Amino acid sequence: MIDLDTSLEKYKYVREYEEDLSISPQDFQQLLFKAWQVTPSKNNFMPYNVHVIGPDKQHLKDLVYKKCVGNEGTVDSVSDVEKLRYSKVKPRYWNIVSSDYVLLFTLRIETEPSEFQQDAIRRGITFEAMDQKNTTAAAHNAKIEIGMFSSALSSLCLKNNLDISHILCFPTNLERWNEEEFSFIERQVLMIMTVGKGKHYRRDIIPLDKDQKPNFDRIVKMV
Amino acid sequence: MKKQAMLIRSYRNQIINAVMNWQKENYPDRTNRYDKCERDLRYVFKAYCSDIYTNSTNSIENISSKYWFNNKRQIIEYKTELAVHKFMVDYIIKEILQEEEDFKDCTEHLKKLYDILEDTIVFGPKYTSFTHLNYYKYVYQYDELEDVDHNLIEQALYDAWKNTPSKNNFMPYQVHVIRPEDIAIKELIYYKCLENETKANGNHITDLEGLKKYEQDEYGSDNKPNYYNVKSAHYILIFTQRVETIPNQHQQDLIDRGFVYEQMAKNGPKKDSAKSVAYLEIGMFCSNFANACLASGIDISHTLCFPSDKKYWSEPEFSFLDMNPLLIMTAGKAIKYRRDSIPLYLDPKPDFERIVNIVDKK
């Protein structure tokens with residue numbers, strides 16, 4: 001019988017987190033460390049950064065939230081999204097404001113290759129993870145690996161009774177993150193993730209029978 | 001402390017033999033499986049060397065966490081285990097580092113590493129940090145003589161599908177699974193990867209005969225190219241983007257209210273945005289698939305070097321591909337790993353602090 005790790009079954013998209021702090025920064029760092037440790041990377045480059053906005057940086061979370069709401073308006077060509085769509089209900093992205101931790105994943109281009117990578121470079125091998133000019137290929141790999149990292153972290157969080165959610169509606173361009181508060185961001189933002197103890201879930205208001213994922217057979221094709 | 005790590009490593013056999021002899025003398029009834037003891041001792045010794053070399057504690061934290069599984073310590077009588085490890089550390093300090101002033105930092109670090117090992121063996125890792133991804137090692141070659149139970153793969157695929165979240169529940173990707181018996185398709189994919197290698201190296205060879213010659217000239221009969229895992233894998237997964245044409249009821253309700261979904265765009269920048277989402281979610285799916293496979297003793301690896309444009313996959317064997325391939329993943333029982341020939345201390349990933357930036361520390 002296959003030994004399935006079922007912690008991911010606990011996953012539910014969070015609309016709003018509890019206000020009380022669920023995990024201390026020191027302890028959360030241990031989960032991040034484990035995720036870093038077990039996530040594989042092409043040629044061991046890890047072409048991404050994870051910027052962790054902790055519990056005491058509420059003003060940063062508020063700024064991230066505003067960017068996401070603004071982005072929804074731009075994408076859907078709606079001038080005042082908050083007023084039009086969220087005057088009666090708490091907005092989507094409220095999970096950002098109420099979370100314990102917000103993680104911003106950004107692209108990272110390596111400048112300090114390991115000894116093994118340097119040996120390969122001397123033998124004429126080029127690595128897209130070090131290409132400062134054309135970052136398209138590095139960004140593709142980074143996204144796949146960010147997916148892996150966040151999945152490993154999700155599994156660890158859920159095992160320890162923490163909820164998580166991902167956000168993919170936000171401005172990606174660096175120019176849209178030009179406030180002084182985000183000076184730590186050096187390259188494009190690729191994903192946002194939130195962590196905390198869930199209070200309200202998406203599934204509380206949208207029943208599963210109306211919102212199922214595509215059937216297994218539509219996603220996995222046995223050739 | 002790189003020099004000290006190399007020095008300790010050069011005395012590996014002497015140290016291990018001394019510890020084994022000490023154990024046999026002081027705890028003669030402990031076990032009759034000394035080979036297993038020696039193997040575990042070597043793992044810990046390797047972790048010490050790696051952590052001293054990189055001035056970190058990553059390896060010892062990892063190796064010591066393996067004494068626990070699902071919140072249960074895997075050895076009942078742990079005091080003897082600790083005594084043996086304590087002897088090893090004392091032996092290294094006394095006989096190899098000889099308590100010299102130049103080696104003071106290394107000695108202190110080694111003591112710290114032992115403390116972590118002891119603490120973890122006794123009390124366990126602070127958090128439930130076990131994940132089957134601990135078992136991941138990049139595969140160079142799979143064992144084609146071994147069988148893999150198809151049910152395990154199907155179950156792992158189902159588990160990944162069930163537990164992988166998706167933006168607005170679209171799952172904008174497909175996973176095409178090549179089975180063990182499709183040897184010809186696997187060979188075609190292998191040569192595509194090899195072709196991509198020649199292209200990247202500025203010597204683009206496109207015909208099969210030319211590639212076979214390149215393979216022979218470049219690698220001979222003893223060595224295998226990096227992509228040999230593709231040829232020898234039991235299963236190959238090809239991930240492609242998927243455009244949704246049948247939205248679920250909730251998605252349709254929102255579309256009717258003016259919401260726009262890039263996962264349904266057939267072309268243009270919105271389709272590119274959906275591809276970006278697909279990359280991230282494919283990463284999540286394959287991590288969950290990997291976890292389920294590794295839990296069942298099935299190895300996996302990822303391949304990102306291949307022709308990414310569908311026009312290079314024009315053979316009738318690939319008629320199932322209606323979009324560009326985004327990732328290739330292999331699964332099976334491994335016979336040779338990358339780590340067998342490239343040790344961790346030569347090829348570490350970037351340090352934790354270089355990847356994870358705790359903003360509230362600033």
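**Notebook: chains A and B**

I began with the boundary between the two chains of this predicted model, and I noted that 68 residues of chain A are in contact with 70 residues of chain B. I then asked which elements of chain A each supply at least two residues of the side that touches chain B. My list holds the helices α1 (25-38), α2 (58-76), α5 (115-122), α6 (136-159) and α8 (216-219), together with the strands β2 (48-53) and β7 (220-222). Of these, α6(A) gives the most to that side of chain A, with 14 residues. Sorting the side of chain A that touches chain B by class, I wrote down 33 nonpolar, 18 polar and 17 charged residues.

Next I looked up one strand from that list, and I asked in which sense β7(A) pairs with strand β4 of chain B. The two strands pair in the parallel sense over three bridges, and β4 of chain B covers residues 173-178. Within this pairing I found A:V220 standing opposite B:V175, a residue of β4(B).

I also followed a single residue of chain A, A:W36, which lies in helix α1 of that chain. Is A:W36 buried or exposed? I counted 23 other C-beta atoms within 10 Å of A:W36, and because 20 or more are enough for a residue to be called buried, A:W36 is buried. Leaving aside residues up to four places away in sequence, I noted that A:W36 touches B:F352, B:I355 and B:V356 of chain B. I compared its place with that of A:I125, and the two residues are 89 residues apart in sequence and 26 Å apart in space, C-alpha to C-alpha.

I turned last to chain B as a whole, and I recorded 14 helices and nine strands for its secondary structure. Its domain assignment gives domain 1 (2-130) and domain 2 (139-341), and the centres of these two domains of chain B, taken over C-alpha atoms, are separated by 39 Å. Along the principal axes, the C-alpha atoms of chain B fill a box of roughly 70 × 55 × 45 Å. Chain B has 362 residues, and I noted that 38% of them count as buried. I finally asked what share of the contacts in chain B with a separation of 6 or more comes from residues 24 or more positions apart, and the share I wrote down is 77%.

Note on methods. Residues numbered from 1 in each chain as written. Chains lettered and ligands numbered in written order. Predicted model: local features only at pLDDT ≥ 70, side-chain atom pairs only at ≥ 80, totals over all residues. Contact = placed C-beta atoms within 7 Å. Helix = DSSP H or I, 4+ residues; strand = E, 2+ residues; numbered from the N terminus. Nonpolar A, V, L, I, M, F, W, Y, C, P; charged D, E, K, R; others polar. Pairing = 2+ DSSP bridges. Domains from an automatic or database assignment. Buried ≥ 20, exposed ≤ 12 C-beta atoms within 10 Å, placed from the backbone.
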